[in-house]
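Me: Please give me a close look at a single part of this model. I would like one connected account, with the pairing followed residue by residue where that can be done.

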Amino acid sequence: MATDSRHSPGSASSPLRKGRIPAGFVVLATLGVALVALPLLGLVLRTPWSRVLEILTSETARTALRLSLIVATTAAAISFVLGFPLAWVLVRSTFPGKTLVRAVVILPLVMPPVVAGVGLLAAFGRRSGLIGSWLYDWFGIQLTFTTAAAVLAATFVSFPLAVLALEAGLRGLDERLEDAAATLGASRWYVLRRVTLPLMGPQIAAALVLSWARALGEFGATITFAGNLQGRTQTLPLAVFEQLQTDTDAAFAVSMLLILLAFAVILALRGRFLR
Amino acid sequence: MTLVVDVTARRGAFEVRAAFEAEAGRTVALLGPNGSGKSTLVSTIAGLLPPVEGTIALDDLVLDAAASRAHVPPERRPIGVVFQDLLLFPHLSATENVAFPLRARGVPKAEARERASGLLERLGLANRADARPGDLSGGEAQRVALARALVVEPGLLLLDEPLSALDVGARMRVRELIRDELASFPGVRVIVTHDPVEASVLAERLVLLEDGKVSQTGTPEEIRAAPRSRYAADLVGVNAFRGTLEPLEVGAGLLVTGDGDIVAPWPEGFTGGEVIGLLRPADVTLSLDPPGGSARNVVQGHVTSISVEGDRARVRIASGPPIVAEVTLASVERLGLRDGVVTWASFKAVEVEILPT
């Protein structure tokens, strides 16, 4: 039967069974690897290793690194705090327009970041922003060109990743364990704290790491909405962009740093990505 | 203390309607086939599924009253539930699982752990206290789940299919353990099962559920005597002989009852004592003349009743001990069986299932 065949790897009828790789695939797969590996190789070769320490300890790099860590960590934290309740609602309730809400929340994942920046300006801009003009007129608060704006931009693009990971975690949870906890006298809050969150540990870690990594690399939305002000909104990617025009060596060195951080993320999530 | 249930509960398109009472000190079994509404009823009593109609009360404490929309949430019900799949918390050790209900009620950590350890020790699990549920055997996990339900001394203990997840060997040991724990539990005891043997051994009173309705209630003896449905006859209508099993020969013993003796198999490792012997009516052969052959048990008596279910008849014989036999209608006619006719009943020793009590 057709449904049985996938349970019997190595059945003689399957032309693509394990162990026999079509020659064309080998060529295309190699090209694919090269596509990703060549830029990495180029970076390693072009990085001015003798100057790396000097560049990375420079005022510009240190400021950008510190700002990047603050922005990415705050964005990941906000993504989790807002994303967990949202994931909960999306997984465990039904309401009209739920599909639309999901689509809107996931949109930043596939949206050009520069468009995200324009959108953020439209909402939080000082002069014409939906909320921004009101914030400025009434409270004198201006978001644009502040670190808060960089955080907002980073959160905007990393939020969907957190929601998706947390949704997956909630879906994989045996809700009957929460029911059992309730019959044992646990309040909803106690169930959340002692059963739901601990059981979702790996997915919560994934949500935090993925959204942190995405926030760390954010460029387009940040430069559009928050600007490129050293010490306030100039995160590492923005620093790379600026250095590319003034000091290419520095751009390569900082890029190398970002790649090492990305590698660390993949190592942290090896259970999710590397099997 | 008495649990009074009179509810209609609905899960999806399935509806179960049940009314029964359970008094403290007498175990009640909800007995029914899969899909009869047992687990829906468990959820409702536990407070996880509010009924659409009716009431649930434990003495004066109204747990559910659909008419007035009264509903006590599960965490505030004095009910300890052992779920069919146990639902032990996989990230907590055995001790932490048992301490969980205490901690949830604000008992300090040290005290909660101490009480949990004490209970685990009583259940013979002192050496497994730090094990995670994934590392426990089926029988051990069952005992941890029982301890977790008992640790706060609830007014009602609700066991959902307590033995279904166990293999045969563990089942016998855990059944004895559960029976002992039930016997020493002062509150209301309700077990839910599809297994009539489990029900007869553990419960004093049966509530039969079929297709979401209660089809019959009564003691096992009452239901055996007058099963009101084919299901009741099939599942509960087993002959049960209570007595002492005495050694007879290798692999066999003599079950001495107040009404007569029966040859029965000797369970491996059994050391003698009180037992229940179960015999399915369909395993009994009836004849008008003394039967020859290999059957070790041959008794004689007059027919006291014949009840017909489809093409089968249940024949009660006032023998020593009394026997219910299930034969085809054709056999009843061929033998000319009717009330008062003296007949022989025979069955092989190996057909008797021995359950230590």
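Reply: Two strands are said to pair if DSSP finds at least two bridges between them. Strands (E, at least two residues) and helices (H or I, at least four) are DSSP runs numbered from the N terminus. This is a predicted model, in which local features need pLDDT of at least 70 and side-chain atom pairs count only at pLDDT 80 or more, while totals for chains, interfaces and linings use all residues. Residues are numbered from 1 along each chain as its sequence is written, with chains lettered from A and ligands numbered from 1 in the order in which they are written.

The part chosen here is an open sheet of chain B, in which five strands follow one another in the order β14-β13-β12-β15-β21 and pair in the antiparallel sense. Its edges are formed by β14, covering residues 260–265 of chain B, and by β21, covering residues 353–356 of chain B, each of which pairs on one side only.

Strand β12 of chain B, residues 239–249, is a good place to begin, since the order of the sheet puts β13 on one side of β12 and β15 on the other. Towards β13, residues 252–257 of chain B, the antiparallel pairing of β12 runs over five bridges. Within this pair, B:Leu245 has B:Leu255 of β13 as its bridge partner, and B:Pro247 is set opposite B:Gly253, also in β13. These two strands of chain B, β12 and β13, make a hairpin that leaves two residues between them, and in the turn B:Gly251 has a positive phi of about 80°.

On the other side, β12 pairs with β15, residues 273–279 of chain B, again in the antiparallel sense, and here the pairing extends over seven bridges. One point at which this can be followed in the model is B:Thr244, whose bridge partner in β15 is B:Glu274.

To set the sheet in its chain, chain B holds nine helices and 21 strands in total, and its C-alpha trace spans about 75 × 50 × 30 Å along the principal axes. If contacts are taken as residue pairs whose C-beta atoms, placed from the backbone, lie within 7 Å, then among the contacts of chain B with a separation of 6 or more, 65% join residues 24 or more positions apart. Elsewhere in chain B, and leaving aside residues up to four places away in sequence, B:Ala29 touches several residues, including B:Ile191, B:Leu202 and B:Val207.

Conventions:
Two residues are in contact if their C-beta atoms, placed from the backbone, lie within 7 Å.
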